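Trainee: Got a minute? I'd like to go through this structure with you.
Mentor: Sure, pull it up and ask away.

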Amino acid sequence: RHSTPLERSMASGIASAGRLPNFVRAWQKSACLRRGKVVASAGTNRAMAVDAGTYKQELLGAREMLKDVIQSRSCNPILVRLGWHDSGTYDASVQEWPKAGGATGSIRFSPEKDHGANKGLEWAMDVLKPVKEKYPSVSYADLFQLASATAVELAGGPKIPMMYGRLDAATPEDCAPDGNLPAAAAPFPKERATPQEHLRDVFYRMGFDDKEIVALSGAHTFGRAKLERSGAPGVKEATKYTKDGPGIPGGSSWTREWLKFDNSYFKDVKAKTDEDLLVLPTDACLFEDEGFKPFAELYAEDQDKFFADYAAAHKKLSELGAKFEPAEGIAIE
C-alpha cells in the first residue's frame, strides 16, 4: 500500500537496512484506509497526504497558473503531446499497475523520456516546472493531463470532463517500453504494410475503436512536426505558416492556424491542395480506409460532432492505466 511522508521518514530512520517493523506497516495500512484522503505513494511526487478538498484547490490553482504559462509561451500543442505520450503507452493486456503504462507520469524518467517518439518533450516538462514547484502536491501524472486538457480548451477546443487524483509511477523501472506510441510513416512496427493497420495495432491495444482513432487524430488540427524531432516524410524546415512562429519558428503544420483547435485538420487532409500543409500517411489513410472514412467525412462537415467525440476520447485516453486516489477521482468543474 501507499505511505505518507511521515511514515517514510520513520521507515528510513528505524528500518533502512531491511523490512519495516510490524507496527509501522500496520500504521501505513491504517493511514491508507482513511476515507477522503489522497495519499502519497512511496517514491512518488505528491509532497504530502492531503484531503480531496485541499487537493482540488491545488488543482484549480495549478490550472490558473497553467493558463498564464500556455498563453505566454504559445505551447498548447506540445503540452497536448506530452499528456498523450504519457498516457498513450497503455497496454490493456497488462494487469499490473504501473507496468501497464498509461497516465502514470513515467514519461518524466529516462529511458522513457529519451524514446524517439518523445523527442522535444523534455522542453515541455521544463515549461511545467514552475507550476509543479508552486503546487507540489499535484502529481506529475495529473499535471501532464491537466496541462493537456487546458491547452485544448484555451485553443478554442471543447471542455473535457477530466478527473484527477492520479498516482505517479515511482521509479525509472516503471517506464513503459519503447515502441508503444504511433509511428507517422513506414517502416511500421510488427512489419505492418499500411498506416491503418499500424494505427489499429496501437489504438486497439489501448481499447479504442475506429471512431475514437479518427477523433483523436483530429488533435493534429494544431501543432507542428519538426525535422529534428520527427524525420517523417513531407516535414519541412519551415513553411509560410510556421517560418515566423509564434514560439520557435519552423516545422510543418497540418493546418494554417496551427494554434487554433477546430476541425480544419479534416478539411485540409481531405482537400490536399496546399503543399505547405502536412499530410502524413497516417493522416491520409483516414479518408482512404473504409472503417475510418465515414468518421473523417463527418468531422470535416460537423465541428460540433467532432468536438463531442474528441472530448470523450481525450478523457478516456487521459485515464488509461491511471490509479486514482480516491478511487472515484476528483472533478474540478
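Trainee: Is Phe144 buried or partly exposed?
Mentor: Buried. Phe144 has 2% relative accessibility. Bear in mind that this is a predicted model.

Trainee: And what about Tyr140?
Mentor: Tyr140 counts as partly exposed, at 21% relative accessibility. The cut-off for buried is under 20%, so 21% falls outside it.

Trainee: How do the rings of Tyr140 and Phe144 sit?
Mentor: They form a tilted aromatic pair. The centres are 5.9 Å apart, with 50° between the planes.

Trainee: Where are Tyr140 and Phe144 in helix α6?
Mentor: Four residues apart, which means about one helical turn separates them.

Trainee: What lies over the face of Tyr140?
Mentor: Lys132, at 4.5 Å from the ring centre. Elsewhere, Arg200 lies over the face of Phe292, at 4.1 Å from the ring centre.

Trainee: How many aromatic pairs does the structure hold?
Mentor: It holds 12. There is also an aromatic cluster, including Phe222, Phe261 and Tyr310.

Trainee: New topic. How many cavities of 30 Å³ or more are there in the whole structure?
Mentor: One. It holds about 100 Å³ of space.

Trainee: Which helix gives the largest share of its lining?
Mentor: Helix α6, residues 140–154, with four residues. Leu146 and Glu153 are among the lining residues.

Trainee: What classes of residue line the cavity?
Mentor: Six nonpolar, one polar and four charged.

Trainee: Last one. How many disulfides?
Mentor: Zero. As for cysteines, Cys75 is buried at 2% relative accessible area, and Cys175 is buried at 15%.

Key:
Residues are numbered from 1 along each chain as its sequence is written. This is a predicted model: local features need pLDDT of at least 70, side-chain atom pairs count only at pLDDT 80 or more; totals for chains, interfaces and linings use all residues. Side-chain values use heavy atoms; hydrogens and water are left out. A disulfide is a pair of cysteine sulfur atoms within 2.5 Å. Buried means under 20% relative accessible area, exposed over 50%, partly exposed in between (1.4 Å probe, protein chains only). On a 1 Å grid over the protein atoms alone, a cavity is a set of points where a 1.4 Å probe fits but cannot get out, and a pocket is an open set with protein on both sides within 12 Å along at least five of seven lines; lining residues have an atom within 4 Å of a point. Grid points are joined across faces, edges and corners, and a volume is the space filled by probe spheres set on the points. Helices (H or I, at least four residues) and strands (E, at least two) are DSSP runs, numbered from the N terminus. Ala, Val, Leu, Ile, Met, Phe, Trp, Tyr, Cys and Pro count as nonpolar, Asp, Glu, Lys and Arg as charged, and the others, Gly among them, as polar. Rings of Phe, Tyr and Trp (its six-membered ring) pair if their centres lie within 6.5 Å; planes under 30 degrees apart count as stacked, over 60 as edge-to-face and the rest as tilted. A charge sits over a ring if NZ of Lys or CZ of Arg is within 6 Å of the ring centre and within 35 degrees of the ring normal.
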